[in-house]
Amino acid sequence: MKAELANPLVPFCYLCGTARFLMYENFAPPQLLPSGHLLTGGVNYTCMQCGQFSGHNIPAGWRPPE
Ligand SMILES: [Zn+2]
């Protein structure tokens, strides 16, 4: 199940203060529906440094680093 937040956020570990150690899963890019409505994308991620897990909506244009 995907968490739905009002404000899309760039994935970030607030415990470590960096996104450097994040491992991304289930990346779902934003989708433009035939109606013209933009379906917000989302991603789940785990911080490999501290083990923190999170998942939420992402800003349009964000994608996991290669
Ligand atoms: Zn962390």
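This short talk walks through the strands, the sheet and the core of one predicted model.

Before the details, two remarks on how to read what I say. Because the model is predicted, local features need pLDDT of at least 70 and side-chain atom pairs count only at pLDDT 80 or more, while totals for chains, interfaces and linings use all residues. Residues are numbered from 1 along each chain as its sequence is written.

Let me start with the chain as a whole. Its secondary structure comes to 0 helices and 5 strands, where helices (H or I, at least four residues) and strands (E, at least two) are DSSP runs, numbered from the N terminus. Read from that terminus, the elements run β-β-β-β-β. Taken along the principal axes, the C-alpha atoms fill a box of roughly 40 × 25 × 20 Å. Of the 66 residues, 11% count as buried; a residue is buried if 20 or more other C-beta atoms lie within 10 Å of its own, exposed if 12 or fewer, and partly exposed in between, with the C-beta atoms placed from the backbone. As for contacts, which require that the C-beta atoms of two residues, placed from the backbone, lie within 7 Å, residues 24 or more positions apart account for 45% of those with a separation of 6 or more.

Now to the sheet. In what order do the 3 strands of the open sheet stand? The order is 1-4-5, and the pairing is antiparallel; two strands pair if DSSP finds at least two bridges between them. Strand 1 (22–28) and strand 5 (53–57) stand at the edges with a single partner strand each, so one side of each is left without a neighbour in the sheet. From one strand to the next, the twist averages 20°, an angle that runs from 0 to 180 degrees between N-to-C directions, with axes being lines fitted to C-alpha atoms.

Strand 4, residues 42–47, is joined to strand 1 by 5 bridges, and another set of 5 bridges joins strand 4 to strand 5. On the strand 1 side, Tyr 24 has Tyr 45 as its bridge partner, and Leu 22 stands opposite Cys 47. On the strand 5 side, Gly 42 is partnered by Asn 57 and Thr 46 by Phe 53. Strands 4 and 5 form a hairpin with 5 residues between them, and in that turn Gly 51 has a positive phi of about 85°.

Which way do the side chains of strand 4 point? They alternate: Val 43, Tyr 45 and Cys 47 point to one face and are buried, whereas Gly 42, Asn 44 and Thr 46 point to the other and are not. In general, side chains in a regular strand alternate between the two faces of the sheet.

That brings me to the core. A nonpolar core is a set of buried Ala, Val, Leu, Ile, Met, Phe, Trp, Tyr and Cys residues joined through C-beta atoms within 7 Å, and the largest one here has 6 residues, namely Cys 13, Leu 22, Val 43, Tyr 45, Cys 47 and Ile 58. The largest share of this core, 3 residues, comes from strand 4. Leaving aside residues up to four places away in sequence, Val 43 touches a list of residues that includes Pro 11, Tyr 24, Phe 27, Ile 58 and Pro 64.

Ile 58 lies in the segment after strand 5, and it counts as buried because it has 22 C-beta neighbours inside 10 Å. With the same sequence limit of four places, Ile 58 touches Pro 8, Val 10, Gly 41, Gly 42 and Val 43. Ile 58 and Thr 40, 18 residues apart in sequence, are 7.0 Å apart in space, C-alpha to C-alpha.

Finally, two residues on the edge strands. Asn 26 is in strand 1, where its phi is near 55°, a positive value in a residue other than glycine. Most residues other than glycine have a negative phi. Asn 26 counts as exposed because it has 10 C-beta neighbours inside 10 Å. His 56, in strand 5, is partly exposed, with 18 other C-beta atoms within 10 Å.
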